[in-house]
Amino acid sequence: APAFADKIMVGAYPANPPWEYKNENSTFEGFEVDMVTEIAERMGMELEISDLGFQALFAATSSGRIDLAISTISVTPERLESQAFTQPYYDADLSLLSVNADIDGLSAMDGLVVGAIASSTGAAWVDANMDEYGFSELRTYPDQQGLLLDVRNGRLSGAVGDVTGFRFAAQTMTDLNIVEVITTGDKIAMMLPQGSE
């Protein structure tokens with residue numbers, strides 16, 4: 001049962017559209033927000049969503065500070081060692097994003113700097129594939145805005161992250177190009193403290 005009898009405490013990384021983001025009234029919106037809102041309604045419970053950095057979500061579920069975390073969290077064997085997950089509800093691939101016309105895919109990233117969100121599956125993928133693609137450096141970011149800003153201003157040659165979030169960003173930031181989809185078979189679920197019902 002949730003730690004707070006009549007309330008579900010949810011943690012969310014607040015800048016991950018279309019999944020979760022804060023609107024102009026600082027209210028959470030997005031696909032995963034709609035899902036937890038419906039879950040709370042069906043359970044007859046109140047819902048409280050806390051604004052947490054992506055990395056902070058893992059400690060918050062482990063410590064029981066929150067009952068549930070949302071933020072396009074992929075189920076991985078490493079994460080299953082310390083966390084529990086709902087059934088996955090979305091198949092998520094990664095992608096390489098760039099504004100540089102000379103970069104037409106991962107093979108063009110040899111000797112170049114790549115970025116990803118800290119603790120994300122994108123960062124783990126870059127770490128595991130440093131040698132194969134010859135990235136000169138991985139820079140990690142606490143949030144997507146900083147990551148995209150550095151791609152746009154040329155501090156990064158490219159970024160690796162969730163293809164859906166990148167496609168959504170590219171609708172308004174039309175200089176961003178998804179130059180390669182990286183098929184990973186990742187599955188997204190809600191994360192809970194280990195031993196949750």
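These legends walk through a few close-up views of a predicted model.

**View 1. The largest nonpolar core and its best-connected members.** This core has 26 residues, and the ones touching the most other members are Phe54, Leu57, Ile73, Leu147, Leu176 and Met191. Several elements each give two or more residues to it: helix 2 (54–62), strand 6 (68–74), strand 9 (113–117), helix 6 (144–152), helix 7 (163–172) and strand 12 (177–193). Helix 2 supplies the largest share, with four residues. Apart from this core lies another one, made of 14 residues, including Leu96, Ile103, Leu106 and Trp125.

**View 2. Leu57 and its surroundings.** Setting aside neighbours within four places in sequence, Leu57 is in contact with Gly11, Ala12, Tyr13, Leu52, Ile66, Ala69, Ile70, Ser71, Ile73 and Met191.

**View 3. Thr61, a buried residue in a helix.** You'll find Thr61 in helix 2, and its relative accessible area is 0%, so it counts as buried. Its side chain makes a polar contact of 2.4 Å with the side chain of Gln83. Beyond neighbours within four places in sequence, the residues in contact with Thr61 are Ile66, Leu68, Ala69, Gln83, Met191, Leu192 and Pro193.

**View 4. Strand 11 and its two pairings.** Strand 11 (residues 158–162) is largely enclosed by the rest of the structure, because five of its five residues are buried. With strand 8 (residues 90–98), strand 11 pairs in the antiparallel sense over four bridges; here Ala159 is the bridge partner of Leu97. With strand 9, strand 11 pairs in the parallel sense over two bridges, and Gly158 of strand 11 stands opposite Val114.

Key
Residues are numbered from 1 along each chain as its sequence is written. This is a predicted model: local features need pLDDT of at least 70, side-chain atom pairs count only at pLDDT 80 or more; totals for chains, interfaces and linings use all residues. Side-chain values use heavy atoms; hydrogens and water are left out. A nonpolar core is a set of buried Ala, Val, Leu, Ile, Met, Phe, Trp, Tyr and Cys residues joined through side-chain atoms within 4.5 Å. Buried means under 20% relative accessible area, exposed over 50%, partly exposed in between (1.4 Å probe, protein chains only). Contact means heavy atoms within 4.5 Å. A polar contact is a pair of N or O atoms within 3.5 Å; within protein, one must be able to donate a hydrogen and the other to accept it, and residues adjacent in sequence count only if both atoms are side-chain atoms. Two strands pair if DSSP finds at least two bridges between them.
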